[in-house]
Amino acid sequence: MDDYRIENNIRVLRFQNGEMTQDELAQKAGVTRQTINAIEAAKYSPTLELAFRIAKVFDEPLENVFQYRKKS
């Protein structure tokens, strides 16, 4: 399982949604800006619940926000 990692499109989605800041997303998702920063930088994997909350903020299916891909 170590051959896979969680990737995300959060930065792209933030900018496609009115150049939303990390702080704005954090407030809408109910977490800190630091948490959003760590997820966006792939230094932290969100809980399943948080992943769904972030996807809901963008009104996107979960798989459009997060992907589970094989490391290259």
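Helices, as the term is used here, are DSSP runs of at least four residues, numbered from the N terminus. In this predicted model, Ala55 belongs to one such run, helix H4. The relative accessibility of Ala55 is 3%, so this residue counts as buried, the limit for that class being under 20%. When residues up to four places away in sequence are set aside, Ala55 touches Glu60, Pro61, Leu62 and Val65. Helix H4 spans 48-58, and a loop separates it from helix H5, which covers 62-65. Between Ala55 and Thr21, which stand 34 residues apart along the chain, the C-alpha separation is 15 Å.

The loop between helix H4 and helix H5 contains Asp59. The phi angle of Asp59 is near 55°, a positive value in a residue other than glycine. With 69% relative accessibility, Asp59 counts as exposed. Glu19 is likewise a residue other than glycine with a positive phi, near 55°. Glu19 is located in the loop between H1 and H2, and its relative accessible area of 56% places Glu19 in the exposed class.

An annotation from UniProt covers part of the chain. The unreviewed entry lists residues 20-65 under "domain: HTH cro/C1-type". Over residues 20-65, helix accounts for 67% of the chain and strand for 0%, while the C-alpha atoms at the two ends lie 15 Å apart.

Helix H2 comprises residues 22-29 and includes Ala26. Ala26 has a relative accessibility of 1% and therefore counts as buried. Beyond its neighbours within four places in sequence, Ala26 is in contact with Val31, Thr32, Arg33 and Ile36. Ser45 lies 19 residues from Ala26 along the chain, and the C-alpha atoms of the two are separated by 15 Å.

Charged side chains were examined next. Side chains of opposite charge can pair when their charged atoms come close. Four salt bridges are present in the structure. One of them joins Arg14 and Glu40, with the closest N and O atoms 2.8 Å apart. This pair links distant parts of the chain, since Arg14 lies in helix H1 and Glu40 in helix H3 (residues 33-40), 26 residues apart. The side chains of Arg14 and Glu40 are also joined by a polar contact of 2.8 Å.

Both partners of this bridge are shielded from the surface to the extent that they are classed as buried: Arg14 has a relative accessible area of 6%, and Glu40 has one of 18%. Helix H1, in which Arg14 is found, is made up of residues 10-16. With neighbours within four places in sequence left aside, the contacts of Arg14 are Glu19, Met20, Thr21, Gln22, Leu25, Glu40 and Phe58. The surroundings of buried Arg14 thus include the exposed residue Glu19 as well as its salt-bridge partner Glu40.

A further set of charged residues, Arg5, Glu7 and Arg69, is linked in a network of salt bridges. Within this network, the side chains of Arg5 and Glu7 meet at 2.9 Å, N to O. The side chains of Glu7 and Arg69 form another salt bridge, at 2.8 Å, N to O. Glu7 lies in strand E1 (residues 4-8) and Arg69 in strand E2, so this pair ties together parts of the chain that are 62 residues apart in sequence. Arg5 is partly exposed, its relative accessible area being 36%. Arg69 is also partly exposed, with a value of 40%.

Strand E2, which covers residues 66-70, also contains Tyr68. The relative accessible area of Tyr68 is 49%, so this residue is partly exposed. Together with Tyr4 and Ile6, Tyr68 makes a nonpolar surface patch of about 290 Å². Strand E2 therefore holds both Arg69, a member of the salt-bridge network, and Tyr68, a member of the nonpolar patch.

Methods. Residues numbered from 1 in each chain as written. Predicted model: local features only at pLDDT ≥ 70, side-chain atom pairs only at ≥ 80, totals over all residues. Heavy atoms only, no water. UniProt positions renumbered as here; feature names shortened; annotations may be inferred. Buried < 20%, exposed > 50% of the residue type's maximum accessible area, 1.4 Å probe, protein only. Polar contact = N/O pair within 3.5 Å; in protein donor to acceptor, adjacent residues only side chain to side chain. Contact = heavy atoms within 4.5 Å. Patch = residues over 30% accessible without salt bridge, like charges linked within 9 Å, V, L, I, M, F, W, Y side chains within 5 Å. Areas by Shrake-Rupley, 256 points an atom, 1.4 Å probe, with all protein chains shown as cover.
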